[in-house]
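This report walks through one protein model, topic by topic. Please keep the sequence and the structure open while reading.

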Amino acid sequence: MLILPTTLSLITTHHCTAACEHCCFACNPKITKRIPKENLKSLIDEATHIPTLKLICFTGGECFTLGKELDDRVFQAHSLGFRTRCITNGYWAYSQAAAEKKLTDLKNCGLNEINFSTGDFHQKYVKIERIIN
C-alpha cells in the first residue's frame, strides 16, 4: 500500500533558545545552522508539485528565531494554498500583549495552527508563564 505525504515539515533552523537534553535534533542557542532563506522559499514553491501535500509545518530548533522571515514564509505557503503550522517553545511570549501581537501577525499571514513544545525539560529554559501567555 502506497502512503502519500500530506505534510511537509521544514526544520528551518537548528538554532533554539533552549538546549533540552531530549531534543531529537540536538538544537541549542549556540548553533546557527539553518536552511538558507532562498532555499526555504524554493522548498515551499517546489511543494506545489506534490499534489498530496496539504500542510507545511515550520519547526526547528525554534522557527520563531527567524523573525519576520517566518511571517514571510507562512504567507508564501498560505498564498500557495497550503495550511500552515508552527511548532515553538513559546520563548517569545514574554507578555500577553507580545504573544497576542505575534500571533495576530502570523494569523494575518495565514497561520492555521500552532503547537507549543513544553514540559519539564522545556521549563528549564522557557517559563510556563510564556506558554500560558
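Contact here means heavy atoms within 4.5 Å. By that cut-off, and leaving aside neighbours within four places in sequence, His-122 is in contact with Cys-20, His-22, Asn-89 and Ser-117. The model is a predicted one.

## Confidence

The protein chain has an average pLDDT of 93. A score of at least 70 is reached by 100% of the residues. Among the elements of the chain, helix H2 (residues 68-79) has the highest mean pLDDT, 98. H4 has the lowest, 80.

Where pLDDT is low, the predicted coordinates should not be read in detail.

## His-122 and His-22

His-122 sits in helix H4, which spans residues 120-123. Is His-122 buried or exposed? Its relative accessible area is 13%, so His-122 is buried, the cut-off being under 20%.

His-22 belongs to the loop between S1 and H1. At 42% relative accessibility, His-22 is partly exposed. Beyond its neighbours within four places in sequence, His-22 is in contact with Phe-121 and His-122. The C-alpha atoms of His-22 and Lys-107 are separated by 30 Å. Along the chain, these two are 85 residues apart.

The loop between S1 and H1 also holds Ala-26. Ala-26 is not a glycine, yet it has a positive phi of about 55°.

## The largest pocket

How much space lies in the largest pocket? The value is about 260 Å³. The pocket is lined by 17 residues. Nearest its centre lie Cys-23, Gly-60, Gly-61, Ser-117 and His-122. For His-122, a place in this lining goes with a contact to Ser-117.

The lining divides into eight nonpolar residues, eight polar and one charged. Strand S2 (55-60) supplies at least two of the lining residues, and strand S3 (83-88) also supplies at least two.

## Salt bridges across the chain

The count of salt bridges comes to eight. One of them joins the side chains of Glu-21 and Lys-124, at 3.6 Å from N to O. Glu-21 lies in the loop between strand S1 (7-13) and H1, while Lys-124 lies in the loop between H4 and helix H5 (128-132), so the pair ties together parts that are 103 residues apart in sequence. Both Glu-21 and Lys-124 are exposed. For Lys-124 the relative accessibility is 58%, so Lys-124 counts as exposed, the cut-off being over 50%. Lys-124 and Pro-51 are 41 Å apart in space, C-alpha to C-alpha, and 73 residues apart in sequence.

Another salt bridge joins the side chains of Arg-85 and Glu-113, at 2.7 Å from N to O. This pair links distant parts of the chain: Arg-85 is in strand S3 and Glu-113 is in strand S4 (residues 113-116), 28 residues apart. Glu-113 has a relative accessible area of 23%, so Glu-113 is partly exposed.

## A salt bridge within H3, and a network

Where do Asp-105 and Lys-101 lie? Both are in helix H3 (residues 96-109). They are four residues apart, about one turn of the helix. Asp-105 forms a salt bridge with Lys-101, and the closest N and O atoms are 2.7 Å apart. The two partners fall into separate exposure classes: Asp-105 is partly exposed at 26% relative accessible area, whereas Lys-101 is exposed at 52%.

Elsewhere, salt bridges that share partners join Arg-83, Arg-85 and Glu-113 into one network.

## Lys-41

Lys-41 lies in helix H1, residues 37-47. Lys-41 has a relative accessible area of 30%, so it is partly exposed. Leaving aside its neighbours within four places in sequence, Lys-41 is in contact with Arg-73 and Gln-76. The C-alpha atoms of Lys-41 and Gly-61 are separated by 18 Å, with their positions 20 residues apart along the chain. Gly-61 is among the residues nearest the centre of the largest pocket.

Notes. Residues are numbered from 1 along each chain as its sequence is written. Side-chain values use heavy atoms; hydrogens and water are left out. Buried means under 20% relative accessible area, exposed over 50%, partly exposed in between (1.4 Å probe, protein chains only). On a 1 Å grid over the protein atoms alone, a cavity is a set of points where a 1.4 Å probe fits but cannot get out, and a pocket is an open set with protein on both sides within 12 Å along at least five of seven lines; lining residues have an atom within 4 Å of a point. Grid points are joined across faces, edges and corners, and a volume is the space filled by probe spheres set on the points. Ala, Val, Leu, Ile, Met, Phe, Trp, Tyr, Cys and Pro count as nonpolar, Asp, Glu, Lys and Arg as charged, and the others, Gly among them, as polar. pLDDT is the predictor's confidence in each residue, from 0 to 100. A salt bridge is a side-chain nitrogen of Lys or Arg within 4 Å of a carboxyl oxygen of Asp or Glu.
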